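Let's practise reading a protein model together. Have a look at what is shown below, then try each exercise before you read its solution.

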Amino acid sequence: MSNEQGLQGPAPEDRPHPDGRRNSQGIRIDPEAEAEHEPRRTVLSAIVEHEPGVLSRVAGLAARRQFNIESLTVGPTTVNGHARITMVVEEPDPGIDQIEKQLSKLKPVISLGELDDDAVRAELVLLKVRGEDPDKVHAVTEMYDGQTLDVGSETITVQLTGDERKIDDAVDAFRRFGIIEIARTGQTALAHGSKKTVPGEEPGTSGEPTTPTTDTQ
């Protein structure tokens, strides 16, 4: 019978425990530092290689890391073979930093940047409402510079575009008629004025590849 005993040491309750916890990305967080960062909404824009599956890869990364993604849109840019992904996220600043770092590691991602508050933002919404009051529906549609896309005996479908506040206000205005279905694209955005939306992005003409300027001197 063995008389060997385990190594002597402090009892479990006396052992030191590291402060903080690990977040959903497995990173240890200082609770005091975490408390200093309230979640905020921001828009990230990424230039990516326009290849099959790129959007699912970005969405899959967000799902695995449990990032709070509010909307995700993708479309072609002025450069052949490139696409722009616009992502609206709501996270504390450390979480936003992690999103940028993780996205930058994806092979299709060429460049990534966070937009300033003065960026030009817009989204599109389709609303299908009950058609008992077509004249009133038309009046509200005109009030928000919308378009009527389909009119039937029971329903009316309208299209609206604008910034998030305008879209939210319009949706509230249409609730009086009874909204049957709604589809929103989520925000897309470009930097204000001549500022580049994504670092390193070069200007171009739609449908034409962007070529770097060469010094001939």
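Three short exercises follow, each with a worked solution.

This is a predicted model, in which local features need pLDDT of at least 70, side-chain atom pairs count only at pLDDT 80 or more, and totals for chains, interfaces and linings use all residues. Residues are numbered from 1 along each chain as its sequence is written, and side-chain values use heavy atoms, with hydrogens and water left out.

**Exercise 1.** Find the place of Thr157 and decide whether Thr157 is buried or exposed.

Step 1: Thr157 lies in strand S9 (strands are DSSP runs of E with at least two residues, numbered from the N terminus).
Step 2: Its relative accessible area is 13%, so Thr157 is buried (buried is under 20%, exposed over 50%, partly exposed in between, with a 1.4 Å probe and protein chains only).
Step 3: Beyond neighbours within four places in sequence, the contacts of Thr157 include Leu127, Leu149 and Asp150 (contact means heavy atoms within 4.5 Å).

**Exercise 2.** Locate Gly53 and classify its accessibility.

Step 1: Look in the loop between strand S3 (40–49) and helix H2 (54–65) (helices are DSSP runs of H or I with at least four residues).
Step 2: Gly53 has 35% relative accessibility, so it counts as partly exposed.
Step 3: From Gly53 to Pro108, the C-alpha distance is 9.8 Å, although 55 residues separate them in sequence.

**Exercise 3.** What is the sign of phi in Gln66, and where is this residue?

Step 1: Phi of Gln66 is positive, near 60 degrees, in a residue other than glycine.
Step 2: Gln66 sits in the loop between H2 and strand S4 (69–76).
Step 3: With a relative accessible area of 56%, Gln66 is exposed.
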